[in-house]
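I opened this notebook to record, entry by entry, what I looked up in the structure. Each entry takes up one topic and notes what I found there.

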Amino acid sequence: MESGGETRRVVVVGGGIAGSLLAKSLQFNAAVTLIDPKEYLEITWANLRNMVKPSFAERSVINHTDYLTNGRIVTSAATNITDTHVWTADGHRIAYDYLVIATGHRDVVPNTKTDRLNQYKAENQKIQSANSILIVGGGPTGVELAGEIATDFPDKKVTLVHKGPRLLEFIGTKASNKTLRWLKSRKVEVKLEQAVDLNSSTLDGSHVYKTSSGESIKADCHFLCAGKPLASAWLNDTILKTHLDGNGRLMVDEHLRVNGRANIFAIGDITDIPVSPITSSRIRVS
C-alpha cells in the first residue's frame with residue numbers, strides 16, 4: 001500500500017481472528033500497527049476443547065509476535081479515535097492513514113499467553129474435581145460444552161438447562177431434535193423451558209440450584225453459557241459514535257468501509273453484517 005513512494009500507515013484495533021489475519025496479511029505491504037490489550041491471538045472455536053483438554057490450547061493460543069514479524073504491536077486498549085490518530089489506555093498516540101476496527105465481542109481474559117493457559121488448566125481442574133456439572137444455556141456454546149464433557153468424562157453427571165422450548169433455536173427443528181437425542185444418548189440430562197437461579201446455591205453453600213419450575217439441581221460447579229456483549233462501548237466517545245446502530249455495531253458499506261468515512265473500516269463481529277450466534281458466546285465458571 002504505497003502512494004507516491006510513501007508506505008501507508010494501517011492501524012488495526014483488535015487482535016481477534018479478523019484483526020490478526022488482516023494485520024498478518026498486510027505486514028509486508030504497509031506500516032502495520034496492531035492494538036490489542038492481549039499479547040496473543042486466540043482461536044476462539046477451540047476454547048471449549050481447551051477447557052476439557054488444556055494441552056490443546058498450546059496450539060490455539062498464539063502470541064502476536066509469532067506471526068506479526070514485520071509490524072508494530074501495542075499491548076493496550078484503544079480509548080479514542082480522531083480523524084488522524086488512535087489513542088490507547090497507556091498513553092500511545094498512533095497516527096494512521098487507514099484505520100480498521102476489529103474489536104469484536106468483549107471478553108474478560110488474561111493479557112498474557114501463560115496466564116491464559118493457566119486459566120484453562122484451572123477450568124479443567126474444576127471439571128475433573130466435580131462429580132456433577134450444571135450448564136446453563138442451550139445455544140451453541142452450552143451444547144458443545146455438554147458434548148465435550150460427556151465425551152471425555154462420561155462418568156460425570158451433566159445437566160443442561162435452557163430457557164427456550166428447544167436447543168439451538170437458530171437452526172431447524174430436525175437438527176435441534178437430533179442434538180437433543182445425541183446428548184441424551186451420552187446421559188446428559190436436558191431441562192427445557194426453565195431458568196436457573198445461580199445465586200441459590202451460594203446462599204447456603206449447598207451446591208443445590210433452584211429452577212424456575214421449582215426443581216432442585218445438585219451440581220459441584222456450573223458454567224453459564226450466554227451471549228457476550230460487543231466491545232464497542234468505547235466508540236461512544238469517539239468520532240464514530242454516530243456510526244453505531246441500535247445494537248452497538250458499526251454500520252458499514254459493501255466494502256466494509258464505515259458509512260461516511262473514506263479511510264476507516266470495520267471487520268468481524270463489530271459490523272452490522274448479520275452473523276451466526278455461534279460467534280457470540282461466552283462461559284462463566286463457578
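**Entry 1: Ile 149 and the cores**

I began with Ile 149 and listed its contacts, leaving aside neighbours within four places in sequence: they are Val 52, Ile 127, Ile 133, Ile 135, Pro 154 and Val 158. I note here, before going further, that the model is a predicted one.

I then looked up the nonpolar cores, and found that the largest has 30 residues, with Ile 135 and Ile 149 having the most contacts inside it. At least two residues of this core come from each of α2 (47-52), α5, β12 (132-136), α6 (140-152), β13, α7 (173-185) and β18 (221-227). The largest share is that of α6, which supplies five residues. A second core, separate from this one, has 21 residues, among them Val 11, Tyr 96, Leu 235 and Leu 240.

**Entry 2: the protein as a whole**

I stepped back to the totals and noted seven helices and 20 strands in the secondary structure of the protein. The C-alpha atoms fill a box of roughly 70 × 35 × 35 Å along the principal axes, and 47% of the 286 residues count as buried. I also looked up the contacts with a separation of 6 or more, and found that 60% of them are between residues 24 or more positions apart.

**Entry 3: helix α5**

Which residues of α5 are buried? I listed Lys 113, Arg 116, Leu 117, Tyr 120, Glu 123, Asn 124 and Ile 127. Looking down the axis of α5, I found these buried residues within an arc of 120 degrees, so they line one face of the helix. Thr 114 and Ser 129, on the other side of α5, are exposed.

For the geometry of α5, I noted that its 17 residues (113-129) reach 24 Å from the first C-alpha to the last, close to the 24 Å expected at 1.5 Å a residue.

**Entry 4: Glu 58, a residue touching α5**

I placed Glu 58 in helix α3 (residues 57-60) and recorded a relative accessible area of 45%, so Glu 58 counts as partly exposed. Not counting residues up to four places away in sequence, Glu 58 touches Lys 113 and Leu 117, both of which I had already listed among the buried residues of α5. I also checked Glu 58 against Asn 124, which is 66 residues apart from it along the chain, and found their C-alpha atoms separated by 14 Å.

**Entry 5: the parallel sheet**

I followed an open sheet of five strands, whose order is β7-β4-β3-β11-β19 and whose pairing is parallel. Its edge strands are β7 (72-74) and β19, each of which pairs on one side only. Neighbouring strands of the sheet are turned by 20 degrees against each other on average, with direction ignored. Helix α1 (residues 17-26) packs on this sheet and touches β3, β4 and β11, while its direction makes about 160 degrees with that of β4.

I then went through the pairs in turn. Strand β4 (residues 31-35) is joined to β7 by three bridges, and there Ile 35 stands opposite Val 74. Strands β3 (residues 9-13) and β11 (residues 98-101) pair over four bridges, with Ile 101 as the bridge partner of Val 13. Between β11 and β19 (residues 264-266) I found three bridges, and the partner of Val 100 in β19 is Phe 265.

**Entry 6: the antiparallel sheet**

I turned to another open sheet, in which three strands pair in the antiparallel sense in the order β8-β9-β10. The edge strands are β8 (78-81) and β10 (93-95), each pairing on one side only, and the average turn between neighbouring strands is 25 degrees, direction ignored. Strand β9 (residues 85-88) is joined to β10 by three bridges, and Val 86 stands opposite Ile 94 in β10.

**Entry 7: His 162**

Is His 162, in strand β13 (residues 157-162), buried or exposed? Its relative accessible area is 10%, and because buried means under 20%, I entered His 162 as buried. Not counting residues up to four places away in sequence, His 162 touches Gly 137, Gly 138, Gly 139, Leu 167, Glu 169, Lys 191, Leu 192, Glu 193 and Gln 194.

Terms used
Residues numbered from 1 in each chain as written. Predicted model: local features only at pLDDT ≥ 70, side-chain atom pairs only at ≥ 80, totals over all residues. Heavy atoms only, no water. Buried < 20%, exposed > 50% of the residue type's maximum accessible area, 1.4 Å probe, protein only. Contact = heavy atoms within 4.5 Å. Pairing = 2+ DSSP bridges. Expected span 1.5 Å × (residues − 1). Arc of directions from axis to C-beta. Axes fitted to C-alpha atoms, helices over the stretch in contact; angles between N-to-C directions. Core = buried A, V, L, I, M, F, W, Y, C linked by side-chain atoms within 4.5 Å.
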